[in-house]
Amino acid sequence: MLEILRKTIKAGCQTTKYPAVPDIAPEGFRGKPEISDKCTFCGDCIKVCPPGVIWFTEKSGEKTLSLSYCGCIFCGRCEEACGYGAIKLTQEYELASKTKEDLITSIRSKL
Amino acid sequence: MNANIESIKKEFNTNVLEVSTLHNETYLTVKKELIVKMCDYIYHHLDLPVVCIFATDERKIDGSFKIHYVFSEARDDSFIILRISIDEKNPKYPSITNKIASANWYEREIQDMFGLIPQGHPDPRRLMNFEDWPAGVHPLRKDFDIKTKPPRVDGEYIYRRVEGEGVYEIPVGPVHAGVIEPGHFRFSVAGEPIINLEIRHFYTHKGVEKLFENISIDKAVFLAERISGDNSVAHAVTFCQAMEKIAGLNIPPRANHIRTILLELERIYNHIADIAGIATDVAFSFGAAHANKLKEDVLQLNERVTGSRLLRGMNTIGGVRRDIGGSKDEILLSLSIIQRDFRKLMEHLSSTPSLMDRIETTGRLYNDIAKGLHVVGPVGRASGIDRDMRRDHPYAAYKEFNFKVIVSKAGDVHARTIVRADEVCESVGLIEQALWSLPEGDIRVKVDKIPDGYALGICEAPRGETIYWIRTSGNKIERCKVRDPSFCNWLSIEYAVLDNIVPDFPIINKSLSLSYSGNDM
Ligand code: SF4
Ligand code: SF4
C-alpha cells in the first residue's frame, strides 16, 4: 500500500492541458490531406486512393476536385502520386464534425 | 525432398496423385476419399499441426472446387499442403474434425462460404451465414457477385442445451457494455461455477476475402492492414510476404529490419494493453492506470517513428514506404525508459496479493486442449505450446537476432500475463538489435506487376500466427485466404472458463486477448 502511494506521488499528474494547450502532432505525422491550387486536375491521386474518397465533378466547364475526410485512411498515397506537390498530408488531426459535408474539401479550376 | 514427404509417399503411394514444390511449400494432390486417413497420419504420426484449411473455387479452370489442408513443419521451415478436388455436382467431402478437432470451424466456414459439405462433421450448424441467410447462397463462390443482396428468410439457431436441477442459463451479448464488437456468450451455471459456455460470433461478417478479389493489388495491402485494428502491421506484413513470395522478390535488408522493428513495437503495445486490461478487470486501478500510461508512451513512440500511432501505412509489397523517423538514439532511449518502468510495474503487480489471488489458477487452459484446438500465440505458449513463427518459420530479419521464446506450463491467467510481460522485454531486445545493426540502403524495390502464382505468407502477430494464402492471376487477386490467430483461439474460451465462476469471465476473456474483427471478417 505504501509503495503504491509512493509511486502514485512520484508519477504525479500525467495528463496534459489539452485542449486548452494545443497538442502538436510530431513531424511526419499523417493527418488531414490538403489540396492546394497547384493542382492541374490530372486525376492521378484519384486512381491511387485506396478507399476512393477523391473525385472529380464537372459543371459548365468548371472542374472540381473533392476529397472527403470521412473515408480517408491517411495513407498518404495521394501525396506520393501527385507530380505537382498539390496534395499534402498535414499535422492536423482535429477533424470531428457534425455533418459529412463539413468533411469535404474541394478545389475548383479557374475558368 | 524432405523426409516427411518421403514417408507420406511411402505410406500412401498411388493415392498421392501429384506432388509439386514451390518455395518451401509442397502441394500434394490426393484423392478426397483418403483425406481423413492422410490428415490423421500427418497430424498424429508425423506430429505436424494443421495451421489452416481453406477452399478455392476453380470451376473456371477444371470444373471443381479445391480444399487445401496446410500443415506446418517447424524443423525445416516448410509446409505440406494436401489438396483435394471436389466436383460441383457432388459437393461433399469427408470431415476430419472427428480426428483433428482444430478443423471444426474451418470446415463449417467452407460449408457456408462455398457450399461444400463436410460429411460426418459433429456440429454441422451454420457458422457465418446466419439463419436469415437463404440456403444455397455461398458468398465466396466465383458466381456470387459482390453486389448481391440476398433476401432475408426465417430461420432459427439452436444452441446446445445443458439441463438439470439448478442449472441456469446466462445469455451475454451480442451487444456489450463498452466499445467492443458483437459476440454472444451463453453460459450454463450450476450455482457460481460455469459448467458450459457456448460462444457465437460472426455478427458483423464483412466479406473481407471477397473484397480482396475485387480490389487492385496495390490497394489490397491497406485492406489487410485494417482487418484487425491492433494487429495492423502483422496483417500487412503477412500479406506483403505472400505477394513477395509469388513475385520472387527479395526485399532490401533495411526494409526487413524496419519491418522487424514495427512488428515488435506492435507486440509491445498490444501486450502492455492486455496487461492493463487484466488489471482493470480485477479492479486494480492503480496497476491499470500505470499500464495504460506505458501503452500511451509506446503509442507516442510509434507516432514519432512512423507518423501513425497504430503503425499504419508503412508496409508495401517490396518493402516499406518510408524510413523510420526519429533518431536511433532517441528511439533507444524511449524504449529503455519504457522497459524500466514496465519492469517496475510488473514487480508491483506480482507483489499485490489482491491481484495475484484473482489471476493465479484462474481460467486454466490445459495443454492437451490447447494443442487439440491449435491455440496459437502467447495464449498457446502459456499452455506449454512451444511455437513461435519468428523462430519456426522465420521472416523479416528475425533469423539474424537472438531472442527467447517464452513458454510456461501453467495455462492460467497468471501464466498468460507473465508470458506477455517477458515477451515485451524480448521485443525491446529485438528492436535494440535491429536498430544497432540497421543496414544502409534502399527501403523498397519497385513492383509493377505480380505474376500469376500462389503462396503462403506467415507471421507471428501479437496474438499469434497469422496466415495468408494468396493466388494471383492477371495481376489481380484470385483468392486471398486470411487466417487470423483469433480464429484458432476463440474456441479455447469455452474450455478455459469451465469450473470458474462467472465474475472471473472478464479476466479470462481479457487474458486470452481475442479479436472480434480479426475473426469476423
Ligand atoms: S492533387 Fe495532384 S494528383 Fe490530384 S489531380 Fe491535382 S495535380 Fe493531379
Ligand atoms: S491519404 Fe490515402 S485515403 Fe486519404 S485521400 Fe489520400 S490516398 Fe485517399
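## A sheet in chain B

Strands 4 (residues 64-73) and 5 (residues 78-87) of chain B run antiparallel to each other and are joined by ten bridges. Within this pairing, Lys66(B) has Ser85(B) of strand 5 as its bridge partner. Keep in mind as you look around that this is a predicted model.

The two strands belong to an open sheet of five strands in chain B, with mixed pairing and the order 1-2-5-4-3. Which strands stand at the edges? They are strand 1 (16-22) and strand 3 (50-58) of chain B; each has a single partner strand, so one side of each is left without a neighbour in the sheet. On average, neighbouring strands here are turned by 20° against each other, ignoring direction.

A helix joins the picture as well. Helix 4 of chain B, residues 104-114, packs on the sheet and touches strand 3 and strand 4 of chain B. The direction of helix 4 makes about 15° with that of strand 3.

## Two domains in chain B

Chain B is divided into domain 1, spanning 3-119, and domain 2, spanning 208-519. Taken over C-alpha atoms, the centres of these two domains are separated by 28 Å. How many residues bring the domains into contact? On the domain 1 side there are 34, and they meet 27 residues of domain 2.

## A helix pair in chain B

Further along chain B, helix 8 (residues 253-281) packs with helix 18 (residues 505-512) at an angle of about 180°, and their axes are 9 Å apart. The two helices are therefore roughly antiparallel.

If you would like to find the contact on screen, look for Asp274(B), Gly277(B), Ile278(B) and Asp281(B) on helix 8. Their counterparts on helix 18 are Pro506(B), Ile507(B), Lys510(B) and Ser511(B). By class, the residues of this contact comprise three nonpolar, two polar and three charged.

## Ligand surroundings in chain A

Now for the ligands. Ligand 1 is surrounded by residues of chain A, among them Cys39(A), Cys42(A), Cys45(A) and Cys82(A). Also in this shell are Thr40(A), Phe41(A), Gly43(A), Asp44(A), Leu65(A), Tyr84(A), Ala86(A) and Ile87(A). The shell divides into nine nonpolar residues, two polar and one charged.

Which residues come nearest to ligand 2? Of the 13 around it, they are Cys49(A), Cys72(A), Cys75(A), Gly76(A) and Cys78(A). The shell around ligand 2 has eleven nonpolar residues, one polar and one charged.

Methods: Residues are numbered from 1 along each chain as its sequence is written. Chains are lettered from A and ligands numbered from 1 in the order in which they are written. This is a predicted model: local features need pLDDT of at least 70, side-chain atom pairs count only at pLDDT 80 or more; totals for chains, interfaces and linings use all residues. Side-chain values use heavy atoms; hydrogens and water are left out. Two strands pair if DSSP finds at least two bridges between them. Helices (H or I, at least four residues) and strands (E, at least two) are DSSP runs, numbered from the N terminus. Axes are lines fitted to C-alpha atoms, for helices over the stretch in contact, and angles run from 0 to 180 degrees between N-to-C directions. Contact means heavy atoms within 4.5 Å. Angles under 35 degrees count as roughly parallel, over 145 as roughly antiparallel, 65 to 115 as roughly perpendicular and the rest as oblique. Ala, Val, Leu, Ile, Met, Phe, Trp, Tyr, Cys and Pro count as nonpolar, Asp, Glu, Lys and Arg as charged, and the others, Gly among them, as polar. A residue is near a molecule or strand if one of its heavy atoms lies within 4 Å of it. Domain bounds come from an automatic or database domain assignment.
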